[in-house]
Amino acid sequence: MPRSKLQKGLILGSPTYNYNVTAQMKAFIDRLYPYYNFTNDRPRRYSSRLAGQGRKAIIFSVCEQLEIEEMGFTLGALGMPLEALGYEVVEKFPVTGYFDRGAVSGDEELLRKTFEAGKKMAEILR
C-alpha cells in the first residue's frame with residue numbers, strides 16, 4: 001500500500017522579553033540557518049531546503065502589557081524566519097495581559113481558541 005505524503009507542523013511560542021523573543025528561542029531560530037541555500041553573489045539570494053513541503057506552523061507569544069504594540073517584534077521574530085523557510089503560518093496568537101505563572105490557564109475563551117487552533121492544525125496536517 002503506498003504511503004501518503006506526511007505533512008509536517010511546528011508550534012513555536014515565546015514570552016515577550018524586552019519587545020522580542022527570549023534568548024533561548026532566538027538561539028533555536030538561528031539554528032534553522034542550515035536549511036537555507038545561498039547563492040555566491042552579493043548580496044546573496046537565498047531559497048529554502050524546506051520549501052514546497054506543505055509545512056504549517058502556529059506561533060504565539062505571551063506579554064504582560066495589554067497593548068499588542070508592547071509585544072514589539074515577538075510575533076514577527078517567530079513567524080518571518082518560518083515563512084522564509086517555506087512554512088505557512090496558519091495561526092498567530094498574541095496573548096496580552098498575563099504575567100504570573102499559570103494565569104493563562106484561567107482564561108476559558110483563550111483556551112478554547114488555542115484548542116480550536118490545534119484542532120485546525122491537526123486537520124490540515126492529516
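A residue counts as buried when its relative accessible area is under 20%. By that rule, 27% of the 126 residues of this protein are buried. The model is predicted.

## Overall layout

The protein has three helices and five strands. Read from the N terminus, the elements run β-α-β-β-β-α-β-α. Taken along the principal axes, the C-alpha atoms fill a box of roughly 45 × 45 × 20 Å.

## Strand 4 and its partners

Start with strand 4, residues 56–63. It has two partners described here. Strand 1 pairs with strand 4 in the parallel sense, over seven bridges. Strand 5, residues 88–96, also runs parallel to strand 4, and eight bridges join these two.

Individual pairs help you trace the strands. On the strand 1 side, Ile11 has Ile58 in strand 4 as its bridge partner. Towards strand 5, Lys56 is matched with Glu88. Further along, Ser61 stands opposite Pro94 in strand 5.

How does the chain connect strand 4 to strand 5, and what hand does the unit have? Helix 2, residues 74–84, belongs to the unit along with the two strands. Together they make a β-α-β unit, and the unit is right-handed.

Why is strand 4 described as largely enclosed by the rest of the structure? Six of its eight residues are buried, so the surrounding structure largely encloses strand 4.

## A closer look at Ser61

Ser61 lies in strand 4. Is Ser61 buried or exposed? Its relative accessible area is 0%, and the limit for buried is under 20%, so Ser61 is buried. The side chain of Ser61 has a polar contact with the side chain of Thr16, at 2.9 Å. So two links can be followed from this serine: Pro94 opposite it in strand 5, and Thr16 through the side chains.

## The largest pocket

The largest pocket has a volume of about 530 Å³. It is lined by 26 residues, and the closest to its centre are Ser14, Pro15, Val62, Cys63 and Val104. Strand 1 (9–15), strand 4, strand 5 and helix 3 (108–125) each give two or more residues to the lining.

Which element gives the largest share of the lining? Helix 3 does, with five residues. Sorted by class, the lining has 17 nonpolar, six polar and three charged residues.

## Loops and backbone details

Now turn to the backbone. Most residues other than glycine have a negative phi, and most peptide bonds are trans. Some places in this model depart from that pattern.

One is the peptide bond from Arg42 to Pro43. This bond is cis, with omega near -10°. Pro43 sits in the loop between strand 2 (36–38) and strand 3.

Two others are Asn18 and Tyr19. Phi of Asn18 is near 55°, a positive value in a residue other than glycine. Phi of Tyr19 is near 70°, again positive and again not in a glycine. Asn18 is in the loop between strand 1 and helix 1 (23–30). Tyr19 lies in the loop between strand 1 and helix 1 too.

How accessible are they? Asn18 has a relative accessible area of 71%, over the 50% limit, so it is exposed. Tyr19 has 41% relative accessibility, so it counts as partly exposed.

## Two pairs across the sequence

Some residues are separated along the chain, yet their distance in space can be read directly. The table gives two such pairs, C-alpha to C-alpha.

| Pair | Apart in sequence | Apart in space |
|---|---|---|
| Ala122 and Gln7 | 115 residues | 9.8 Å |
| Ala51 and Tyr36 | 15 residues | 9.6 Å |

Ala122 is found in helix 3. With a relative accessible area of 41%, Ala122 is partly exposed. Ala51 belongs to the loop between strand 3 (46–48) and strand 4. Its relative accessible area is 44%, which means that Ala51 is partly exposed.

Conventions
Residues are numbered from 1 along each chain as its sequence is written. This is a predicted model: local features need pLDDT of at least 70, side-chain atom pairs count only at pLDDT 80 or more; totals for chains, interfaces and linings use all residues. Side-chain values use heavy atoms; hydrogens and water are left out. Two strands pair if DSSP finds at least two bridges between them. Helices (H or I, at least four residues) and strands (E, at least two) are DSSP runs, numbered from the N terminus. A crossover is right-handed if, with the strands pointing away from the viewer, the path from the first strand over the helix to the second runs clockwise. On a 1 Å grid over the protein atoms alone, a cavity is a set of points where a 1.4 Å probe fits but cannot get out, and a pocket is an open set with protein on both sides within 12 Å along at least five of seven lines; lining residues have an atom within 4 Å of a point. Grid points are joined across faces, edges and corners, and a volume is the space filled by probe spheres set on the points. Ala, Val, Leu, Ile, Met, Phe, Trp, Tyr, Cys and Pro count as nonpolar, Asp, Glu, Lys and Arg as charged, and the others, Gly among them, as polar. Buried means under 20% relative accessible area, exposed over 50%, partly exposed in between (1.4 Å probe, protein chains only). A polar contact is a pair of N or O atoms within 3.5 Å; within protein, one must be able to donate a hydrogen and the other to accept it, and residues adjacent in sequence count only if both atoms are side-chain atoms.
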